[in-house]
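Q: Got a minute to go through this one with me? I'd like to start with the crosslinks and then move to rings and helices.

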Amino acid sequence: MTPERLWELVQRGESLDLEFKGESHRPLSDDEIVQTVVCMANRPGSESGWILIGVEDDGRLTGARPRHGDRTDPLRLQALIANRTNPSLPVRVFVVPLEPEGVEVIAIEVPPVRVPIGTTDGVYLRRAIGGRGEPICLPMQPADFQSLQSSRGLLDYSRLVVDGASWDDLDPLEFERFRRFVRESQGRGDATLLELPDQELAKALGAVEANHEVTRVRVLGLLLFGKEESLRRLLPTHEVAFQVLRGQDVEVNEFFRVPLLRVMEEVLQRFRARYREEELMMGLLRVGVPEYSERAFREAVANALIHRDYTRLGAVHIQWYDDHLVISNPGGFPEGVRLDNILVTPPRPRNPLLADAFKRAGIVERTGRGIDIIFTEQLRTGRPAPSYERSTPTDVVLVLYGGKANLEFVRLVGEEESRAGRLLGLNELLILNTLWRERSLTTPQAAKLLQKPEPDARAVLEHLVESGLVEARGERKGRTYHLSAATYRRLGVPSAYVRRRGFEPIQQEQMILQYIDRFGSISRKEVAELCQLNSMQAYRLLKRLETEGKIQKLGGSTKGVRYARSRK
């Protein structure tokens, strides 16, 4: 831990992953430090957390008091925490001196854990966001233990037996509904389940735990087949809200506490009632372009139901706005899933048994790659990529963008797929959509967009170049990509290509002259970095400006020559 890194943390302010503990009013006791570490360990998320002792809540650096005579021994503090936590927690402690302030700050790095952590005195705390938006520590309740283990992939809550539930709490009509979903799934469902009687079907899905003559109902059994009154009584956390909002007005505000397959039916009926599409002529065919893909919507709702945390109160919300849909569920991303890897990480359902039942019913894809379907289907309708950016450590929030479609982009995708004899993949659609909106991409930017290594991103870009959809400029690190002239022409905006190609040399010239005005001179290497050019392109640009009398050479070797404003 360096002073620079410490300053970065302080400037971020307190969050679920960062706690400030000041000692300006009174010193912290060992019990308080251990309890703060326990609280930080039992938080949502899969990254390390930090506790900074000697930093006030408002970010002022007041310093930490010495804990071992006239100094603080990091190893002794680590040992104290390890000996007073259960299971023993191996934290790292740093004592960071800050010279200008003349104080020391104790930084404690709390690693991610897979099981709940408590003190040896039996105190269990968890970190959460309070009503004022500030992080607080709360006592852990039994449901909090289950929630933490579920998010870490250690517990399948849908597999737990529900105390007080019996076979009489299940509705025979819901078993028939399950069979109907399988029959209508067009081969996606598990047809071997169709001929099973109700009890055998429940056993095959894992919805009940049968022990001789005693049948114990699991959470999955109630979620799939439970009677409405039984769900309200035995699983009160289950709730789904469907809302239509027009400005400040709420046109529809319906809440469902019924079995999940019935929820899917009710929600899909309301989706179809509001279904809108634009028409596009492709040759002699009239093609409908929906505002939202039903397939993407279906996968998004199913994902929210499968991945929600059923130990927490709160509804799965489906909110329909004028130009976008928001689908959210209680419970953050499972361990290992982040915004920067959501497109490529293997499926990690919070409730694996429930996810398997949805696959066998034919509601979701058997591959488990519902995220790919959501993104691909929306991109194919000529709209921005879906976004999970609003998600928090405690809730997953998906935004599907609607509004007017880019019909020319839809036409481009359709024509290209007809020409190539295959569907464009998610990587290709993401790059084409981004190039249309952002105008250019570098390989590192494409790698971040696709959430893949740079060699993989470069391969996708070069394939699009070979297909004639994209053009490349520059070499190596200075290589950029933009839509080709033919692509802009097919999109109906050929002038955009001219602006893209013709504006950059003028922009580069102005960037060089402004750099010289600011710093006095510029070298070929600096031009290459500034304008994202290779060395030869930078030399030619400087040579042209010199020939035009706008700059002149200064002294220096061939490689070290610098250029300044011409004195003419």
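A: Sure. One definition before the details: a disulfide here is a pair of cysteine sulfur atoms within 2.5 Å. Keep in mind that the model is predicted.

Q: OK, how many disulfides does the structure hold?
A: The structure holds 1 disulfide. Cys-39 is joined to Cys-137, with an S to S distance of 2.1 Å. That falls within the 2.5 Å cut-off.

Q: Which hand is the disulfide, left or right?
A: Left-handed, because the torsion about the S-S bond of Cys-39 and Cys-137 is about -110 degrees.

Q: And which parts does the pair tie together?
A: Cys-39 sits in helix H2 (residues 30-41), and Cys-137 sits in strand E8 (residues 135-139). The pair therefore ties together parts that are 98 residues apart in sequence.

Q: Is Cys-39 buried or exposed?
A: Cys-39 is buried, at a relative accessible area of 0%. Cys-137 is partly exposed, at 38%.

Q: Stay around E8 for a second. What do the buried residues of H4 pack against?
A: They pack against strand E7 (125-129) and E8.

Q: Which residues of H4 are buried?
A: In helix H4 (residues 142-151), the buried ones are Asp-144, Ser-147, Leu-148, Ser-150 and Ser-151. Seen down the axis of H4, they fall within an arc of 160 degrees, so they line one face of the helix.

Q: Why would residues a few places apart point the same way?
A: An α-helix has 3.6 residues a turn, so residues three or four places apart point the same way.

Q: What comes just after H4?
A: Gly-153, which takes a positive phi of about 80 degrees.

Q: Let's try another helix. How many residues of H14 are buried?
A: H14 is mostly covered, with 11 of its 13 residues buried. Among them are Asn-427, Glu-428, Asn-433, Thr-434 and Trp-436. Several leucines are on that list too, including Leu-426, Leu-429 and Leu-430.

Q: What span should helix H14 have, and what does it have?
A: At 1.5 Å a residue, helix H14 (residues 426-438) should span 18 Å. Its end C-alpha atoms are 18 Å apart, which agrees.

Q: Which residue takes a positive phi just after H14?
A: Arg-439 does, at about 80 degrees.

Q: Rings next. How many aromatic pairs are there?
A: The count comes to 11 aromatic pairs. One of them is Trp-50 with Phe-94, at 6.0 Å centre to centre. Their planes are 40 degrees apart, and the pair is tilted.

Q: Where in the chain are Trp-50 and Phe-94?
A: Trp-50 is in strand E2 (residues 49-53), and Phe-94 is in strand E4 (residues 92-98). The two are 44 residues apart, so this pair links distant parts of the chain; Trp-50 counts as buried at 10% relative accessibility.

Q: Which residues do ring pairs link into a cluster?
A: Phe-271, Tyr-275, Tyr-292, Phe-297 and Trp-320.

Q: What about arginines over rings? Which ring face does Arg-308 lie over?
A: The face of Tyr-310, at 4.9 Å from the ring centre. Arg-518 lies over the face of Phe-519, at 5.0 Å from the ring centre.

Q: Last one. Is Arg-270 buried or exposed?
A: Arg-270 is buried, with a relative accessible area of 16%. That counts as buried because the cut-off is under 20%. Arg-270 lies in helix H9 (residues 260-273).

Q: What is Arg-270 in contact with, leaving aside its neighbours within four places in sequence?
A: Phe-242, Glu-254 and Phe-256.

Terms used. Residues are numbered from 1 along each chain as its sequence is written. This is a predicted model: local features need pLDDT of at least 70, side-chain atom pairs count only at pLDDT 80 or more; totals for chains, interfaces and linings use all residues. Side-chain values use heavy atoms; hydrogens and water are left out. Helices (H or I, at least four residues) and strands (E, at least two) are DSSP runs, numbered from the N terminus. Buried means under 20% relative accessible area, exposed over 50%, partly exposed in between (1.4 Å probe, protein chains only). Contact means heavy atoms within 4.5 Å. Rings of Phe, Tyr and Trp (its six-membered ring) pair if their centres lie within 6.5 Å; planes under 30 degrees apart count as stacked, over 60 as edge-to-face and the rest as tilted. A charge sits over a ring if NZ of Lys or CZ of Arg is within 6 Å of the ring centre and within 35 degrees of the ring normal. The expected span of a helix is 1.5 Å times one less than its number of residues. The arc is that of the directions from the helix axis to the C-beta atoms.
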